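Please look at the structure shown below and follow the report alongside it, one topic at a time.

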Amino acid sequence: MTSLAPSASACPACVAAPAAERIAEARAVKDAGLVLSLPTAHCAVCISDVERTLSALPGVRSARVNLTLKRVSVAAAPEVTAEDLIGALKGIGYPAHELDPGLLSVTETDKAGRDLLMRLGVAGFAMMNIMLLSVAVWSGAEAATRDLFHWISAAIALPTLAFSGQPFFASAFASLKARRLGMDVPISLALILASSISLYETFAGGHHAYFDAAVSLCFFLLAGRYLDYRSRAAARSAAEELTALEVPRATRVRDGAETVVPIAELAVGDLVRVRPGGRMPVDGVVTEGTSEIDRSLLTGETLPVWAGEGSAVSAGEVNLTGPLTLRVTAAGRDTSLHRMADLVAVAESARTRYTSLADRMARAYSPVVHLMALASFSTWLYLTGDLRLAVNVAAAVLIITCPCALALAVPAVVTSASGKLFRKGFLIKDGTALERLAEVDTVVFDKTGTLTLGAPEPVDLAAYPRADLEIAAALAGASAHPLSRAISTALAEAGVVPARVADIREVPGYGVEGRHGDRMVRLGRAEWVGATPADGTATYLSTGEGAARAFGFTDRPRPGAGAAVAALKAAGKRVILLSGDTEAPVARLASDLGIEDWQAGQRPEDKAARISALTGEGARVLMVGDGLNDTAALASAHVSISPASALDAARVASDIVLLGQDLAPLADAIRIAKQARIRIKQNFALSLAYNLVAVPVALVGLATPLIAALAMSTSSVTVSLNALRLK
Amino acid sequence: MEMLAILIPVSLLLGGLGLVAFLWALKHRQYEDPEGDSHRILKKDWDDRPKP
C-alpha cells in the first residue's frame, strides 16, 4: 500500500528520496502524538464536545475520540502542549490526563490483537463452511458424496488449522521446552491428532472425520484467548502510560551558568536550581532563596512547610513560591525517593504470588486429560488389537475433554466484569486483581489525595467583612501559592471584586504584600503578618487596622468518599484510615466520614507494618492510597487501588487505577468482583459437568463427530452466556 | 445431485467473500472503537455534507 502513495520527492527517479521521505514521515508521526485519557467520556455528545473544542484550538489539526478506550488522539503542531489541551477540556468539564504517546504507539497499532482477531476470523469462516458440509454428512450422506464432503472439509480445515492454530502450537512448544505441561499442550495435541486421524479416515473412506470439531475447537479457544488479550491490553494501555511525574531533568548551576542536565549526571555537592512549581529532583540542602514546599505526596501533610537557607529537602517535594538553590546531598539511587522505591521492592517480593483460579484449574486438569487419553488408547488397543480404532477413540477423548469451555470460562467473565468496572472508572491492571478484590474484608484508606482531593479550600468566607475579602482577593490573585489560589478562586466564585492594591509583591516563603490606600496589607504566614498561629491549615491577612485575621482551610473530601465508606461498612467491611498528616485534620475527616478506626502521623514504614500486621491476623486488605508514602503499603496489601492523580510509583505498585474523581463506585467494584468470582466458579462447574456426561461416551467409543461438536458448542455458548449475566 | 457441483462452489465463494470483507475491515481499523462508532452514527455533525 505504501508503494502506491505519492512520492514526497519531486524527482521520481531519485534514489535518495526514500531517506527524505522517512524523515518527513518521522516528523509527521512526531507531531501527531498527543494522546489524552478521558475517564468521563461516555456518549455521542461527549465525542462532539471534545472533538469540537480541541479542533478549535490553534495549532490542532485533528482530534479523534476513541470511546472504547476512553481516550482522544490529537494531531497538532509541535508547540501545542498537553497542558493546553487538558486546560481546554477542563473548561468544558472533562478531566483529562496525558498519556505517553511513545509507549502508547505499541498498543495503538495493536499488532498482536489484530493478529489474534484475524486468526479468529479465519477459523470462524472455515468453521461455518465445514459445518455446512458436516450437516449433510450427519444427516446421512453416503459413499461418494460423504467422501467428497470429507475431502472438501480437509481442504478447508488443514490450512485453517495451520494458520489459526499457530498461537497454541507456539506456546505448547515453548512450555514443552521448559518441561512443563500447560493448557496448550493438550490443545495442540488434540488439534494435530484430530486432523491427522481425520485425514487418514478420509483417505480410507471412513465414516467419521473430526475436521469440524478441530476447527470449531480452534475457533472457541481463539475467542477465549482474544478476550483475555483484550482485557489485558486495555489495562496495560492506560495504566502504565499515564505520564510519569518524576522529573527526569534538573537545572544545574555551575559558575553562575545554568544548564539542564539529566538527573543521572548530578553528583553530590552540585548546585541545583528549582523554580516555583517544580519538583525537587534530588535530596539536598537549601543554599539560597526562601520558599514554601509541599510535602503532601511524600508525607501526607497538607500544610506547606517553610524552607530557607539550611533547610533539608527531599526528592519529590514541590517548591511552591520562590526559586531555591540546593546543594545536592544525595542523587539518583540514594535519594529518599529511591529508598522508598526500595521499600516497595522488598514489600512486593514478600507478597506471595497469587495463583489464579484458572491456573490452579489448568494445573490439575491437563495431566488428567493426557492420562485419560492414553488410558483409553491402551485399553482399546489391548481389548481389540485394532490400532485405528484405538487412535480414533483417543482422539475423540482429547477433543471432548479439550478445555474449550474452560478456556472461555475465565476470560469471558473477566472481560465482562472489567468492562463493567471500566465504565465505573476502574481500570484493572492485573489479571488476578478481580479475584483478589473479591476476597477483601478490610479496607485501608490514605487521607490526602485519596479520601480528600488534596486541594485546600477556604472555610467560612462569609464570616469576614467585605472590605477584608476584597483586599484578600487582590493579594491572593498575585500569587501562585496553592492557598492563595484557593482563596482567589473561592472569592471569584462568591463574586467578590478585588480591591485596588498597589505595589503588590510576593515575598517568597512568607506571603504577599501591597499598599491599599495608605496602609500596608499582607497575606501570608502568621509570624510574618504578626498573628498568633491558629490550629490547622491557615493563612493570615493583616489590613493594617485591628488584629490580623486567619483564613482557615479544609481539604475537601473526594466526591463519593462518604458514600463509599458507608457502603463498605454496610457490606460488613472493616474500614481503617491511616494518614501521615497531623492529628486534627485526620480526626475531623474520620468523624465526617464515620470512620472509627484511624491513626495520624503514620510514616510509610508504619503503614506497611500495620498492613502486614492485619494480614498476619488473617485479614485480606484492600489498600487505597496515592502518595509515595503509601507505595510500600500498596505493595504489601492483598490488593490495592490508587487514583489516576497519584504519583507514578503509587500507580505502578497498585493493581487497580481509579480513573475518575468519584470514589463512590468502590463498594460496587467489590460487589462486581465477588459476583465475577462466583460466575467463574459456576463456569468451571458447567464445563466439568459437560465433560462428566461426554467423556464416558467417548471412552466407550460411542462418540461421533456430531456428539463432539454438540458438546463443545453448547458448553462454550452456555459458559459465555453465563458470563454475560454479570450485573 | 448435480446441483451440488454448483451449490458447493457457490457456498464456498460466499464464505470466502465474507472472509475477505472481514479481513478488509480489520486492516482498515474498523474494529478500533466499536463503542464510539455506535454513538457516532447518532451525531448530526456531517448529516448535510460529507466530512471533508
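## Leu577 and its partners

In this predicted model, Leu577(A) stands opposite Trp598(A), which belongs to strand E23(A). Leu577(A), a residue of E22(A), is also the bridge partner of Phe445(A).

These pairs belong to wider contacts between strands: three bridges join E22(A) to E23 (residues 597-599) of chain A, and the two run parallel, while four bridges join E22(A) to strand E15 (residues 442-445) of chain A, again in parallel. Four of the five residues of E22(A), which spans residues 574-578, are buried, so this strand is largely enclosed by the rest of the structure.

## The helix between two strands

E22(A), helix H21 (residues 583-593) of chain A and E23(A) together make a β-α-β unit, and this unit is right-handed. H21(A) lies across E22 and E23 of chain A, and it runs at about 165 degrees to E23(A).

## The whole sheet

Seven strands of chain A form an open sheet with mixed pairing, in the order E14-E26-E25-E24-E15-E22-E23. Strand E14 (426-428) and E23 of chain A stand at the edges, where each has a single partner strand, so one side of each is left without a neighbour in the sheet. From one strand to the next, the twist averages 20 degrees.

Elsewhere in the sheet, strand E24 (residues 621-624) and strand E25 (residues 639-643) of chain A pair in the parallel sense over three bridges, and Leu622(A) has Val639(A) as its bridge partner in E25(A).

## A segment of chain B

According to the unreviewed UniProt entry, the annotation "transmembrane region" covers residues 6-26 of chain B. In the model, this span is 100% helix and 0% strand, and its end C-alpha atoms lie 30 Å apart.

How values were computed:
Residues are numbered from 1 along each chain as its sequence is written. Chains are lettered from A and ligands numbered from 1 in the order in which they are written. This is a predicted model: local features need pLDDT of at least 70, side-chain atom pairs count only at pLDDT 80 or more; totals for chains, interfaces and linings use all residues. Side-chain values use heavy atoms; hydrogens and water are left out. UniProt positions are given in the numbering used here, feature names are shortened, and annotations may be inferred rather than shown by experiment. Buried means under 20% relative accessible area, exposed over 50%, partly exposed in between (1.4 Å probe, protein chains only). Two strands pair if DSSP finds at least two bridges between them. A crossover is right-handed if, with the strands pointing away from the viewer, the path from the first strand over the helix to the second runs clockwise. Axes are lines fitted to C-alpha atoms, for helices over the stretch in contact, and angles run from 0 to 180 degrees between N-to-C directions. Contact means heavy atoms within 4.5 Å.
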